[in-house]
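Student: I have a model open and I'd like to learn how to read it. Can we go through a few features together?

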Amino acid sequence: MVPTASPFTRRRFLGLAAGATAAAAVAPLLSACTSGGGAASPSASAVSAFPTSWSDEITIDVFDGLANKMGVQPGWFAKIVHDRFNMKLNIIAPNVAGGGDTLYNTRVAAGNLGDLIITDKGQKFDELTDGGLLLDSTPYFGSMTNVSRFDRATTKLNDGKDGTYGFPLQVSGLKPTDPSEGIDPTFGPMLRWDLYAKVGYPAIGTLEDLLPVLQQMQQAQPTAANGKKVYALSLFKDWDGNMMTAGKQPACFYGYDEMGFVLAKADGSDYQSIVDPNSAYVRSLKFFNKANQMGMLDPDSTTQNYDTVFSKIQKGQVLFSFWPWQGQAAFNTTDNMADGKGFMIAPLADMLVFSYGAAVYGGTQILTIGSKAKDPERIAAFANWIYSSEGTYTNNSQTQGAAGPRTLTWDLNADKKPELNDFGMKALAGAGADVPTEWGGGTYTDGASWLNFTAVLPIDTDPDTGYPFSYKMWETFQATQENPLTKDWSSHMGNAKTTMGYLKDNNKLLVAPGAGFTTPTDDSEIQTLRNQIKASIVEYSWKASFAKDDSSFNSLIDELGKTVDGLGYAKVLEVDMANAKSQNDARLAVVKDFG
């Protein structure tokens, strides 16, 4: 039922902190481009209004650090953009090109990163501005009425600069203390509810109490339909960063998220070193080790990647997932749910799930216009459209509930409520659909936006309809989604209609106010130390997870602490602790500013 979640779009939530290895290399490249200062707009005066049409067709280069596809945008999204702006989008995606920051550095050295640029705020934004690779969009900003709805966020982003060089993404009109995720949190203990029901809905008090329950479930179905062995847990290591990625996830069930080598609670009440034997991280490793000793941890975990685990979940070979967007996206098909099968959140009695608050100042990525852009006025008009209601419906990700173009996939019903039409149900909640020729043809999924960024959060309210942008939050859609699985889950979860509803109603959600904090880049010394230390943390974490017994586990954890201490862990931890507390200060400040 739910489209496969793009791994890249989710990785930012998993705390896979990318090292700033290219920072030192980029600086001289930028200094070679210009003597400093952003590029002024070629327009001498403010634009009073954008044109409504353009006679000449152009193709613009979009350097997109988030995109997972490369080339000229096809399909229905391309047609909408072309009809409105007589413009084609050539997506340049470093994720696809590979080589880390090589493509970025090459284009920066040439002095032209792209006509439209999606990049990180913070150091990259500052460097590109100072290097003259970004356009001062001040002459156009007065006409960007959709962007100006979030003018406080734009002002904050460009604070200290001599113009308007970027626009924040993932902005919201909600309060920073409101969850940003919609009907499902980012994290949550998701299990195969049908097998949980089969073993009698046993009570689950703590994380550790999950183990005997999962064991019963695995014993109830030891083999999948394809004949392969079923495991309660299956992990992957291709997203490991400062730590073993899987080791952080259960900590999120208790209100923590990572900041380097620190686990910080969403409300600022606790900060933990991950290698502390009493930390939530080590607790997670112990959880995995116990599962392994009980025969419930997939032995392929040390060699497989995310896609392999996703495929195993699809085939019924895995019984637990850390994320709704993984377990449910993989297994909760229409047919499975009709049979009462699927992943739903477990009633973990002591959980306090971490939630990202609505980022009123925007998230960590930004949209900018290149200083050598073709027709910057037209690009500014396009950027403004992206923030409009139409742009939000059409550009946002399907996995986040983007409803698509009005009249193609949805419209207001007789009661003036938004509702997916038959085509929309097939395209968004069914097996997919072919788009009519007049809308660009091809499949709906293939024609969706390749930009892979969210300008306005999907849970925000559309000012034109008064309802959220996300179709998943529409009452009309939720009414169509009742099935044997959701009915049974609801009947055992206080008649909750959604996961987020259950968490809110039972005070099991801890929201980290959306401050849009940008972590400072490590200096060269800390970066070097971090790279050595995180390699040891990841190595020992995997070894500990698969240790043969409790004694071996404890020995490895002790050895981990001694090893990283010898590598300068204390020095890096001091930086991460300071950053974690600065992040909390920013959260407190944004709550004070926005209420």
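**The largest cavity**

Tutor: Sure, and keep in mind that this is a predicted model. Let's begin with the lining of the largest cavity, which is made up of Leu233, Ser234, Leu235, Phe236, Thr245, Ala246, Val309, Phe320, Ser321, Phe322, Trp323 and Gln326.

Student: How does anyone find a hole like that?

Tutor: Rolling a probe the size of a water molecule over the atoms shows where empty space is left. Here the count comes to 1 cavity of 30 Å³ or more.

Student: How much space lies in the largest cavity?

Tutor: About 90 Å³.

Student: Which helix and which strand each supply at least two residues of the lining?

Tutor: Helix H11 (245–252) and strand S10 (320–321). As for chemistry, the lining divides into 8 nonpolar residues, 4 polar and no charged.

**Two helix pairs**

Student: Val309 and Gln326 are in that lining. Do they turn up elsewhere?

Tutor: They do: Val309 of H13 and Gln326 of H14 both take part in the contact between those helices. To read a helix pair, look at the distance between axes, then the angle, then the residues in contact. H13 (residues 306–314) and H14 (residues 324–331) have axes 7 Å apart and pack at about 50 degrees, so they count as oblique to each other. The crossing is right-handed.

Student: Which other residues make the contact?

Tutor: From H13 there are also Tyr306, Phe310, Ile313 and Gln314, and from H14 Trp325, Gly327, Ala329, Ala330 and Phe331. The contact residues of H13 with H14 split into 8 nonpolar, 3 polar and no charged.

Student: What about H3 and H16: at what angle do their axes cross?

Tutor: Roughly 130 degrees, with the axes of H3 (residues 75–85) and H16 (residues 376–386) coming within 11 Å. H3 and H16 are therefore oblique to each other, and their crossing is right-handed. H3 brings Phe77, Ile80, Val81, Arg84 and Phe85 to the contact, while H16 brings Arg378, Ala381, Phe382 and Trp385. That makes 7 nonpolar residues, no polar and 2 charged.

**One residue up close**

Student: How would I read a single residue, say phenylalanine 141?

Tutor: Place it in its element, then list its contacts beyond the local stretch of chain. Phenylalanine 141 lies in helix H7 (residues 138–141). Setting aside neighbours within four places in sequence, phenylalanine 141 touches Val147, Ser148, Asp151, Thr154 and Phe167.

Student: And how far apart are phenylalanine 141 and serine 388 in sequence and in space?

Tutor: They are 247 residues apart in sequence and 14 Å apart in space, C-alpha to C-alpha.

Definitions and conventions
Residues numbered from 1 in each chain as written. Predicted model: local features only at pLDDT ≥ 70, side-chain atom pairs only at ≥ 80, totals over all residues. Heavy atoms only, no water. Axes fitted to C-alpha atoms, helices over the stretch in contact; angles between N-to-C directions. Helix = DSSP H or I, 4+ residues; strand = E, 2+ residues; numbered from the N terminus. Parallel < 35°, antiparallel > 145°, perpendicular 65-115°, else oblique. Left-handed = near helix turned anticlockwise from the far one by under 90°. Contact = heavy atoms within 4.5 Å. Nonpolar A, V, L, I, M, F, W, Y, C, P; charged D, E, K, R; others polar. 1 Å grid on protein atoms, 1.4 Å probe; cavity = no way out; pocket = protein on both sides within 12 Å on 5 of 7 lines; lining within 4 Å. Points joined across faces, edges and corners; volume = space filled by probe spheres on them.
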